[in-house]
Amino acid sequence: MILLKCTRCKKRLAIFFRPYSGESLCQHCFITSVEGQVKRIISKYAMFKPDDRIAIAVSGGKDSVALLHILTKIEKQFPAAEVIAITIDEGIKGYRDEAIRIAKENCKILGVEHVICSFKDLYGYTLDEIVKITRDREMGPCSYCGVLRRRALNIASRKVEADKLATAHNLDDEAQTILLNVIHGDVTRIARVEPVLCAEPPLKFIPRVKPICEIPENEVALYAYLLGIKFQSTPCPYIGTALRHEIRQILNRLETRHPGVKFTIIRMAEKIRPMLKKGLTPVELQRCRVCGEPTTGNICKPCEALRKLDFLKY
Ligand code: SF4
Ligand SMILES: [Zn+2]
Ligand SMILES: [Zn+2]
């Protein structure tokens, strides 16, 4: 086996080959290149102000824990900025408990304040209870989980008085979401897969940013591994039930044979987004009639989901 020298420093031996750019990188250059890419994404989309209080959604998985480490490092260069970690406990027995422990450990190492917010406290149900009630019906566990988690994150970010909420969606997540929306024929949602999501005040929506949205999942994992960062690797027991899982496998197969496919998908969405927005009636957010949270209809998705649950229970 021939060991290549790093394309960047030309000194150390390469440990990673980046197929879409043709670079071979040593450990040092790989780590600095990932951190540099995150800084570039943050500045490209003007994600933060120097004095922002940033809530980071930390599930305990590799992406969110890596994001926590990277943002904490970057935040040190901005003395007026603050980071705080938020973990949503959906109530998935044997899975989320371990993730919470790992999230806690990482926050302790980094000296970051950690807040946990549970589905049970907010909605009266754990996800496991929801799955029992809704078994074999049209909305799967991931649909409930996604809708309720997004709402929980907004509530928790507001509680900690965050200016922004940073989530760890990586390049793979974004490419999958775009394809999912294509498959569902949901044009409005294709336009809404954005690195920054805002709403006009006085709506109670904390702006969301995705600082690792252009970093491939395998690079986030390698970054965490090389730095010895602890993260949860056991998958969620409900993961196999989602269409997203199938799309993930298809995209990974395509990426191996045609490096750069995932980037092409998000660049395509970036190009057509302004056209889609022009052609579509603008989505106007208003307050949900039940809970007062921001929504596009009269009643928000979480309230609709909870109503359905209350109905199905009996
Ligand atoms: S796989 Fe589905 S149920 Fe599990 S945490 Fe993710 S969205 Fe929730
Ligand atoms: Zn190097
Ligand atoms: Zn509501």
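The shell around ligand 1 comprises six nonpolar residues, no polar ones and one charged residue. These values come from a predicted model. The residues surrounding ligand 1 are Leu127, Cys142, Cys145, Arg149, Cys236, Tyr238 and Ile239. Arg149 is the charged member, because Arg falls in the charged class. Cysteine and tyrosine count as nonpolar in this scheme. Helix H6, residues 141-159, supplies the largest share of the shell, with three residues.

The fold around these sites was examined next. The chain holds 12 helices and 10 strands. Its radius of gyration is 20 Å, close to the 20 Å given by the globule rule for 314 residues, so the chain is as compact as a globular protein of that length. Along the principal axes, the C-alpha atoms fill a box of roughly 65 × 45 × 40 Å. Of the 314 residues, 51% count as buried. Contacts in the chain were considered at a separation of 6 or more. Residues 24 or more positions apart account for 70% of them.

Two zinc sites were then analysed. The zinc ion (ligand 2) is coordinated by four cysteine sulfur atoms: Cys6 (SG), Cys9 (SG), Cys26 (SG) and Cys29 (SG). The coordination distances are 2.3 to 2.4 Å. The four donor atoms subtend angles of 101 to 119°, which makes the arrangement around ligand 2 tetrahedral. The assignment follows because four donors count as tetrahedral if all angles lie between 85 and 135 degrees. In sequence, the donor residues of ligand 2 are spaced C-x2-C-x16-C-x2-C. Cys9 lies in the segment before strand S1 (16-18), and Cys29 lies in helix H1 (residues 27-44), so this pair ties together parts that are 20 residues apart in sequence. Cys29 counts as buried, at 7% relative accessibility.

The zinc ion (ligand 3) is bound by Cys288 (SG), Cys291 (SG), Cys300 (SG) and Cys303 (SG). Here the coordination distances are 2.2 to 2.3 Å. The angles among the four donor atoms run from 102 to 116°, and the site is tetrahedral. The donors of ligand 3 follow the spacing C-x2-C-x8-C-x2-C along the chain. Cys288 sits in the loop between strand S9 (286-287) and strand S10 (294-295), whereas Cys303 belongs to helix H12 (residues 301-313), so the pair ties together parts that are 15 residues apart in sequence. Cys288 is buried, with a relative accessible area of 4%. Cys303 also counts as buried, at 9% relative accessibility.

Strand S1 contains Arg18. At 2% relative accessibility, Arg18 counts as buried, because the cut-off for burial is under 20%. Beyond residues up to four places away in sequence, Arg18 touches Arg8, Glu23, Leu25, Phe30, Ser33, Val34, Gln37 and Glu219. Phe30 is 12 residues from Arg18 in sequence. The C-alpha atoms of Arg18 and Phe30 are 9.6 Å apart in space.

Backbone geometry singles out two non-glycine residues for mention. Lys10 has a positive phi of about 60° although it is not a glycine. Lys10 lies in the segment before S1. At 60% relative accessibility, Lys10 counts as exposed. Ala46 is not a glycine either, and has a positive phi of about 45°. The position of Ala46 is in the loop between H1 and strand S3 (53-57). Ala46 is exposed, with a relative accessible area of 61%.

Helix H9, residues 217-226, includes Ala221. The relative accessible area of Ala221 is 22%, and the residue is therefore partly exposed. Ala221 and Met139 are 82 residues apart along the chain. Their C-alpha atoms are separated by 30 Å.

Terms used
Residues are numbered from 1 along each chain as its sequence is written. Chains are lettered from A and ligands numbered from 1 in the order in which they are written. This is a predicted model: local features need pLDDT of at least 70, side-chain atom pairs count only at pLDDT 80 or more; totals for chains, interfaces and linings use all residues. Side-chain values use heavy atoms; hydrogens and water are left out. Donors are N, O and S atoms within 2.8 Å of the metal (3.2 Å for Na, K and Ca); water is not among the atoms, so sites may look incomplete. Four donors count as tetrahedral if all angles lie between 85 and 135 degrees; four count as square planar and six as octahedral if opposite donors are over 155 degrees apart and all others between 65 and 115; anything else is irregular. Helices (H or I, at least four residues) and strands (E, at least two) are DSSP runs, numbered from the N terminus. Buried means under 20% relative accessible area, exposed over 50%, partly exposed in between (1.4 Å probe, protein chains only). A residue is near a molecule or strand if one of its heavy atoms lies within 4 Å of it. The radius of gyration is taken over C-alpha atoms; the globule rule is 2.2 Å times the number of residues to the power 0.38. Contact means heavy atoms within 4.5 Å.
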